[in-house]
Protein chains: 2
Amino acid sequence: MATSDRVYLRVVEDLRRQILDGTLGPGAVIPSRAQLTRKYRVGETAARHALRALVSEGLIIGRIGSGHYVREASRLIPLHRWRFLDHATPFATDLQSQGRHVTWDWHSEPATAGSDLARRLGVAASATVTRTHYVFRGDGRPLQLATAYEPLGFAPHAGAERTSLVARMYAHGVKITEVVESLHTREPEPSEREALELPAGVHVLHVERTHWAGDRPVETSDIIVPGDRFRMVYSIPL
Amino acid sequence: MATSDRVYLRVVEDLRRQILDGTLGPGAVIPSRAQLTRKYRVGETAARHALRALVSEGLIIGRIGSGHYVREASRLIPLHRWRFLDHATPFATDLQSQGRHVTWDWHSEPATAGSDLARRLGVAASATVTRTHYVFRGDGRPLQLATAYEPLGFAPHAGAERTSLVARMYAHGVKITEVVESLHTREPEPSEREALELPAGVHVLHVERTHWAGDRPVETSDIIVPGDRFRMVYSIPL
DNA sequence: ACCGCGAAGTTGGGGCCCCAACAGTCATCG
DNA sequence: CGATGACTGTTGGGGCCCCAACTTCGCGGT
């Protein structure tokens, strides 16, 4: 039947219904633990369970010392993959074209590939690659983490013009012929959760992007965005 | 510092480390609540919290009456989006080309569009569309849910050959020029959790796919796959 | 009119207990 | 020898309590 015999689910289902049908709009206050125990005549544990479940569903958030509130139906920002491949920072360009202000900083350093990366880049595990970390911010919040790996020699000269990867590679005589993105969802790692200021229960979208020149991978990167804020848009003409 | 002052995190961190570095391999049994309280000298609540956290991270699963076990590092099955667009069921073809056996069943019915769908299909909210539900199975497990919506008139004739959507539309004089996929991650709805037999804490990948003929959408579908089993692969030549 | 302080309410971590449903194991019975 | 049943251990739901850290709000004083 609909109303389960697990007591906390009764509470969850009722609150969820109210949130989804708009009775409790975005920002509305959810009854506190104490109020729930009285209202639904359940124990404190059940009330807790219910709240926790709704939090991990992403429907509400808890503000410690204050209360639980209905999460704003965070509009998912579309990221138009490879619409802006000819820009130095496709991500920032995409968001700027949507009228948002995006800033970022990055730093590069040499690193040894390791087995995983060696496979992706087609180099020896002991090879040295250039690793570049990016952090993108907008509206004062962190939006995207990216880590790019390239074999040595293609790194942008200090103070060089900011051009797209494709253009930069071309200048080195490497013609990029294909871009492949492999995308999955997962729980953020602790460092990512911190860097992206993710609330509990939010997953990330993890894109592994590889640029190919013929059958040789020439760049690969890991792109991490909060799953509750973005959607990826892919488009192909037939 | 690394070891937090939240007691249960000490347990989580220690177990997580052991799982990630292989000390506890896939299938290995995690100490029970009682054992954890003794081993880490914490209360039962903290032990519970730790176990629950690891479950929701997807690292372990709990089998009631038996114990908690390290989850096999479920290899993510690649789905090559639009590599098999010229097949009746790209999903099944893709998996079959990877040596898996996939079965599916579906049923069609008329339905009124509603506001959301009306926007996606560019029709009136009161318009009638053909809705087709698909359930794909493989290895005895449900793998994918899909719901396709088309304006009336294009539905396959009963007993007609199974051809791709593109070919079928073409036979109706509609030339599909573009395919757009919008992808995001979210918590599964209860019905999806049941249909896909999803363990707790697993998200789904939700693909909204729309076929365009010029500037007119002619088909749209919602494709739901378990986030812990699949990755989406997109590729474009430059 | 404004500031500061304290009381009350709230979340989240933690403790300890009870119980039902289920899984294994092992001994006993036909 | 095989089936059955009792016993033990485990998870997951639930109850109730204590406490620290934090927010809110109202009262009193300047």
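A polar contact is a pair of N or O atoms within 3.5 Å; within protein, one atom must be able to donate a hydrogen and the other to accept it, and residues adjacent in sequence count only if both atoms are side-chain atoms. The model shown is predicted: local features need pLDDT of at least 70 and side-chain atom pairs pLDDT 80 or more, while totals for chains, interfaces and linings use all residues. Residues are numbered from 1 along each chain as written, chains are lettered from A and ligands numbered from 1 in the order written, and side-chain values use heavy atoms without hydrogens or water.

**View 1. Surroundings of DNA strand D.**
DNA strand D is surrounded by 22 residues (a residue is near a strand if one of its heavy atoms lies within 4 Å of it). The closest are A:Val7, A:Tyr8, A:Thr45, B:Arg33 and B:Arg48. Of the atoms of DNA strand D that come within 4 Å of the protein, 56% belong to sugar and phosphate. A polar backbone atom of A:Gly65 is 2.8 Å from a sugar or linking oxygen of DNA strand D. A:Tyr8 places a polar backbone atom 3.3 Å from a phosphate oxygen of this strand. From chain B, a polar side-chain atom of B:Ser32 lies 3.3 Å from a phosphate oxygen of DNA strand D. Elements of both chains supply at least two residues each to the surface near DNA strand D: α1 (7-20) and α3 of chain A, and β2 (60-63) and β3 (67-70) of chain B (helices, H or I of at least four residues, and strands, E of at least two, are DSSP runs numbered from the N terminus). With four residues, α3(A) gives the most.

**View 2. Surroundings of DNA strand C.**
DNA strand C also has 22 residues around it, and the closest are A:Arg33, A:Arg48, B:Val7, B:Tyr8 and B:Thr45. Sugar or phosphate makes up 57% of the atoms of DNA strand C within 4 Å of the protein, and bases make up the rest. One base contact involves B:Glu44, which has a polar side-chain atom 3.2 Å from a base nitrogen of DNA strand C. Backbone N or O atoms of B:Tyr8 and B:Gly65 also approach DNA strand C: that of B:Tyr8 lies 3.3 Å from a phosphate oxygen, and that of B:Gly65 lies 3.0 Å from a sugar or linking oxygen. β2 and β3 of chain A, with α1 (7-20) and α3 (44-56) of chain B, each supply at least two residues of the surface near DNA strand C. The largest share, four residues, comes from α3(B).

**View 3. The three-stranded sheet of chain A.**
The strands form an open sheet in the order β1-β3-β2, with antiparallel pairing (two strands pair if DSSP finds at least two bridges between them). Each edge strand, β1 (29-30) and β2 (60-63), pairs on one side only. Two bridges join β1(A) to β3 (residues 67-70) of chain A, and A:Val29 stands opposite A:Tyr69 in β3(A). Helix α3 (residues 44-56) of chain A packs on this sheet, touching β1, β2 and β3 (contact means heavy atoms within 4.5 Å). The direction of this helix makes about 115 degrees with that of β2(A) (axes are lines fitted to C-alpha atoms, for helices over the stretch in contact, and angles run from 0 to 180 degrees between N-to-C directions).

**View 4. Annotated region and domains of chain A.**
The unreviewed UniProt entry carries the annotation "domain: HTH gntR-type" over residues 5-73 of chain A (positions are in the numbering used here, feature names are shortened, and annotations may be inferred rather than shown by experiment). This stretch is 51% helix and 14% strand, with its end C-alpha atoms 30 Å apart. The domain assignment gives domain 1 (8-70) and domain 2 (77-233) of chain A (bounds from an automatic or database assignment). Their C-alpha centres lie 38 Å apart.

**View 5. The eight-stranded sheet with strands from chains A and B.**
This open sheet has mixed pairing and the order β5(A)-β6(A)-β7(A)-β10(A)-β9(A)-β8(A)-β11(B)-β4(B). β5 (102-112) of chain A and β4 (77-80) of chain B are at the edges with a single partner strand each, so one side of each is left without a neighbour in the sheet. From one strand to the next, the twist averages 20 degrees. Five bridges join the antiparallel strands β7 (residues 141-151) and β10 (residues 216-226) of chain A, where A:Leu145 stands opposite A:Ile224. Helix α4 (residues 90-97) of chain A packs on the sheet, touching β5, β6 (128-138) and β7 of chain A, at about 170 degrees to β5(A). Helix α5 (residues 114-121) of chain A lies across β5, β6, β7, β9 (204-213) and β10 of chain A, running at about 120 degrees to β10(A).
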